[in-house]
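Let's take a friendly walk through this structure together. Please have a look at the sequence and the model below, and then we can go through some of the details.

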Amino acid sequence: METRNNVTEFVLLGLTENPKMQKIIFAVFLAIYIISMVGNVLIVLTITASTLLGSPMFFFLAYLSFIDACYSSVSTPKLIVVSLQEKKTILFNECMTQVFAEHFFGGAEGILLTVMAYDRYVAICKPLHYTTIMNRRVCSLLVGVSWAGGFLHATIQILFIFPLPFCGPNVIDHFMCDLNPLLKLACTDTHTLGFFVAANSGFICLLNLLLLLVSYVVILRSLKTHNLQGRSKALSTCVSHITVVVLYFVPCIFVYMRPAATLPIDKAVAVFYTMITPVLNPFIYTFRNAQMKSAVRKLCSRNAISNNK
């Protein structure tokens with residue numbers, strides 16, 4: 001007999017079922033979400049309103065901040081809302097949309113981080129040809145590839161998950177819809193499908209991380225030929241990028257580079273790469289970069305003068 005899908009909604013258990021802790025979660029993650037949105041939107045506005053947009057590095061950073069703002073909006077608002085609700089449900093179609101959006105923005109960010117590493121490689125290892133190689137047309141094309149890659153990755157994931165039959169139970173031990181918890185609830189054997197998910201998500205994350213680490217090793221080795229000032233500036237930029245790369249890819253590899261299974265620590269790890277990393281990126285890039293700090297100050301002073309008028 002064919003297994004039919006009779007689940008119209010899922011129940012999200014969230015981070016905890018303790019009522020007192022849920023109020024704390026509401027306050028903490030509301031603050032994190034506001035800081036994340038303000039920080040990332042501020043970076044986008046600062047770069048687009050200044051001459052920094054003409055620099056490939058800041059052009060990519062503006063898109064990274066835009067993606068981070070979107071990425072943190074996929075699951076954080078739902079977590080904040082359901083933490084105060086007695087009935088913590090999410091409709092089936094809303095759940096599938098969340099899965100697609102999570103992997104769309106997550107995939108785009110992973111590719112964009114690789115693009116940013118390539119930009120730093122060209123800037124440091126081939127400085128005389130930098131403006132020729134990283135012209136605006138190439139930069140726009142690379143950003144387009146990031147979006148297209150994220151869309152392709154998310155489409156493959158949703159094609160795996162959407163046709164699966166869900167006939168009950170419908171309780172997801174997580175604060176969001178994700179691949180492994182949904183595979184666990186499917187009313188069919190998902191053992192083989194779990195390996196495809198690991199290949200599409202986990203292996204891609206691992207490959208990107210290895211490529212990025214190799215590129216940064218090449219960059220750091222090339223710094224030996226630079227003077228002290230140039231070496232210090234390039235090293236500061238690379239440290240910021242490496243920090244973001246590690247914070248993003250290591251948790252993703254932990255969650256997806258394994259057979260389909262859910263572990264108690266998965267929720268904490270998911271919080272890290274879906275909420276904590278997007279809120280840290282503005283601080284990492286802004287506080288370590290003199291040009292960004294100067295541009296932010298100019299934007300704020302310009303707005304202050306406009307308000308006084």
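Does Phe151 count as buried, partly exposed or exposed, and what is its relative accessibility? This is a predicted model, so keep in mind that everything here is computed from it. Phe151 has a relative accessibility of 47%, so Phe151 counts as partly exposed, because that class covers the range between under 20%, for buried, and over 50%, for exposed.

Phe151 is also a good place to begin because it has a ring partner, Phe104. The two rings meet edge-to-face, with 6.4 Å from centre to centre and 90 degrees between their planes. Phe104 belongs to helix H3 (residues 92–125) and Phe151 to helix H5 (residues 136–161), so their contact ties together parts that lie 47 residues apart in sequence. Unlike its partly exposed partner, Phe104 counts as buried, because its relative accessibility is 17%.

Now let's widen the view to the other rings. The structure has 15 aromatic pairs. Ring pairs also link Phe104 and Phe151 into a cluster with Phe66, Phe100, Phe105 and Trp147. Elsewhere you can find Tyr248 and Phe249, whose ring centres are 5.0 Å apart and whose planes stand at 85 degrees, so this pair is edge-to-face. Tyr248 and Phe249 are both buried. A ring can have a charge for company as well: the charged end of Arg136 sits over the ring of Phe59, at 4.5 Å from its centre.

Next, let's look for empty space inside the model. How many cavities of 30 Å³ or more does a search of the whole structure find? The search finds two. The largest cavity has a volume of about 100 Å³, and 13 residues line it. Nearest its centre you will find Met57, Thr237, Ser240, Tyr285 and Asn289. Helix H2 (56–82), helix H8 (228–256) and helix H9 (266–287) are the elements that each give two or more residues to this lining. The most comes from H8, with four residues. Sorted by class, the lining of the largest cavity has seven nonpolar residues, five polar ones and one charged one.

The second largest cavity holds about 40 Å³ of space. Its lining is made of Leu13, Gly14, Leu15, Thr16, Gln22, Ile25, Leu79, Val82, Ser83 and Lys88. Here the elements giving two or more residues are helix H1 (19–48) and H2. By class, the lining of the second largest cavity has five nonpolar, four polar and one charged residues.

Finally, let's turn to the strands. In a regular strand, side chains alternate between the two faces of the sheet. Strand E1 (residues 9–12) has Phe10 and Leu12 on a covered face, while Glu9 and Val11 are on an uncovered one. Which strands does E1 pair with? Three bridges join E1 to strand E2 (residues 89–91), and these two run antiparallel. Two bridges join E1 to strand E3 (residues 171–172), and here the run is parallel. The two residues of the covered face can be followed into these neighbours: Phe10 has Ile90 as its bridge partner in E2, and Leu12 has Ile172 as its bridge partner in E3.

Key:
Residues are numbered from 1 along each chain as its sequence is written. This is a predicted model: local features need pLDDT of at least 70, side-chain atom pairs count only at pLDDT 80 or more; totals for chains, interfaces and linings use all residues. Side-chain values use heavy atoms; hydrogens and water are left out. Rings of Phe, Tyr and Trp (its six-membered ring) pair if their centres lie within 6.5 Å; planes under 30 degrees apart count as stacked, over 60 as edge-to-face and the rest as tilted. Buried means under 20% relative accessible area, exposed over 50%, partly exposed in between (1.4 Å probe, protein chains only). A charge sits over a ring if NZ of Lys or CZ of Arg is within 6 Å of the ring centre and within 35 degrees of the ring normal. On a 1 Å grid over the protein atoms alone, a cavity is a set of points where a 1.4 Å probe fits but cannot get out, and a pocket is an open set with protein on both sides within 12 Å along at least five of seven lines; lining residues have an atom within 4 Å of a point. Grid points are joined across faces, edges and corners, and a volume is the space filled by probe spheres set on the points. Ala, Val, Leu, Ile, Met, Phe, Trp, Tyr, Cys and Pro count as nonpolar, Asp, Glu, Lys and Arg as charged, and the others, Gly among them, as polar. Two strands pair if DSSP finds at least two bridges between them.
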